[in-house]
Amino acid sequence: ALWSSYGLNAYVALSSINKVSVSVGYSTKFLFWYSFVWKVQTIMGFYGIMFVSAILGTKYSETYPLFYAIQLFTIVPMSPTLNAVMKSVTIPGNQLLMTAVLGLIIIYAFSLLGFFFFHTTGEMVTGDDGDTYDECSNMIDCYKSFVRNGLMYGGGIGDYISGDLENIPQMQDNLHYWSRLIFDLSFFIIIIVLLLNIIFGIILDTFSALREQQNERKELSSNRCFICGLSRDSFEDMKQMGGKGFAYHNASEHNIFDYIYFQIYLANKNDTEFNGAETFVNECVQKEDTIWIPEGQALQIPRVDANAEREKKLEDLFKAMNERQISTKDSIAAEISKMASSVDRQMGMFRKQISSLKGEVKGLKGELEERDKK
């Protein structure tokens, strides 16, 4: 009785949700149900199909047993890998659809060329009933043939025309040969190589992105607390100083279900019986304010005074600025002393040159006076 198990599970789940939201107002209850249906519409649609197929399989078990085969797809939501594979096709559905439409338009253009320029009478194929018929007797049939055979054959539509239809390009007719060669290669490159690989690339990129998101989500859930946001390393470092570690913190100190149960407890408790802390938390929950959640704080991690830390940072900054100012003054004084010593050396050299010039001038004056006496 597969359909009864699906119906029982659905009834229990919906009844539980209704009991959780029964204590709130009608508007909040409506928003709650709307949000729930919107977020789980894919899951509800999937299990709705399973429910209908179970009923149809029970009713038509002898004539249409195919409905029971649909039940095998319940393995998809059970496996994260299969779920990611299905999402890699459904998430980029719009891109895949538009790419497929573009491919159909391109194939239509090729079918026009094939119908008006490369179709010859006598290209007959044999159907399942043994009768022979022309697949390109009209434009619609020719387009359907191009879509099916062009995508199914590995070499594109040229492989089908040259193989099954035996319409091989004639080597004697150069125009017909080269035009057919360009036609067949163009279809193969554009449709088989480019377009199909674009579709495969979109699916593979989406699957890769989903796998990265899953790994990142797994990394965050296993190495970071959901409540306070502190990392595992912070608790493991404190474990060496007497702490109890990340596992104990996640299970006992910041257990997410404790916060959920506390909100349910407040929702079912009379407002007049609240104490101060419960009143504060209830007001925050009503305002959708998360200030009551200890973000960045934990019992095992010592608290840091924000004002003291800010003052310490300012003190370190001023100290670094003073040290830099002192070092700058010292460097400037050293440069000035170097320049002064260099100027003194240059002045001494100038004095020596002046004194030597004075001696030479006196010598010349003496020589001139001796010449004048003679």
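**Exercise 1. Classify the salt bridge partners in helix α10 of this predicted model.**

Both Asp184 and Arg180 are buried; the model is a predicted one.

Task: State how many salt bridges the whole structure holds, and describe the pairs by distance and burial.

Solution.
1. A search of the whole structure gives three salt bridges.
2. The side chains of Asp184 and Arg180 form one of them, at 3.2 Å from N to O. The two residues are four apart in helix α10, so about one helical turn separates them.
3. Glu278 and Lys269 also meet through their side chains, at 2.8 Å from N to O. Both Glu278 and Lys269 are buried.
4. Asp141 pairs with Lys144, with the closest N and O atoms 3.5 Å apart. Both lie in helix α8, three residues apart, about one turn of the helix.
5. Asp141 has a relative accessible area of 27%. Buried requires under 20% and exposed over 50%, so Asp141 is partly exposed.

**Exercise 2. Describe helix α10 and its two kinds of surroundings.**

Task: What span does α10 reach from its first C-alpha to its last, which of its residues are buried, and which residues form a nonpolar patch on the surface?

Solution.
1. Helix α10 covers residues 174-223, which is 50 residues, and reaches 70 Å, close to the 74 Å expected at 1.5 Å a residue.
2. Its buried residues are Arg180, Phe183, Asp184, Phe187, Ile191, Ile192, Leu195, Ile199, Ile202, Thr206 and Leu210. The cover over them includes α6, α7, α8 and α9.
3. The nonpolar surface patch consists of Trp178, Leu181, Leu185, Ile189, Ile190, Leu194 and Ile198, with about 610 Å² of accessible area together.
4. Ile198 is placed in helix α10. Its relative accessible area is 43%, so Ile198 counts as partly exposed.

**Exercise 3. Locate the nonpolar cores.**

Task: Which residues of the largest nonpolar core touch the most other members, and which element gives the most to this core?

Solution.
1. The largest nonpolar core has 15 residues, of which Phe146, Ile157, Phe183, Phe187 and Ile191 touch the most other members.
2. Two or more residues of this core come from each of α7, α8, α9 and α10. The most come from α10, which gives five.
3. Apart from this core lies another, of 13 residues, including Phe235, Phe246, Phe274 and Trp292.
4. For scale, buried residues make up 21% of the 374 residues in the protein, which has 15 helices and two strands.

Terms used
Residues are numbered from 1 along each chain as its sequence is written. This is a predicted model: local features need pLDDT of at least 70, side-chain atom pairs count only at pLDDT 80 or more; totals for chains, interfaces and linings use all residues. Side-chain values use heavy atoms; hydrogens and water are left out. The expected span of a helix is 1.5 Å times one less than its number of residues. Buried means under 20% relative accessible area, exposed over 50%, partly exposed in between (1.4 Å probe, protein chains only). Contact means heavy atoms within 4.5 Å. Patches are made of residues with over 30% relative accessible area and no salt bridge: like charges are joined within 9 Å, nonpolar side chains (Val, Leu, Ile, Met, Phe, Trp, Tyr) within 5 Å. Accessible areas come from the Shrake-Rupley method with a 1.4 Å probe; for residues, only the protein chains shown count as cover. A salt bridge is a side-chain nitrogen of Lys or Arg within 4 Å of a carboxyl oxygen of Asp or Glu. A nonpolar core is a set of buried Ala, Val, Leu, Ile, Met, Phe, Trp, Tyr and Cys residues joined through side-chain atoms within 4.5 Å.
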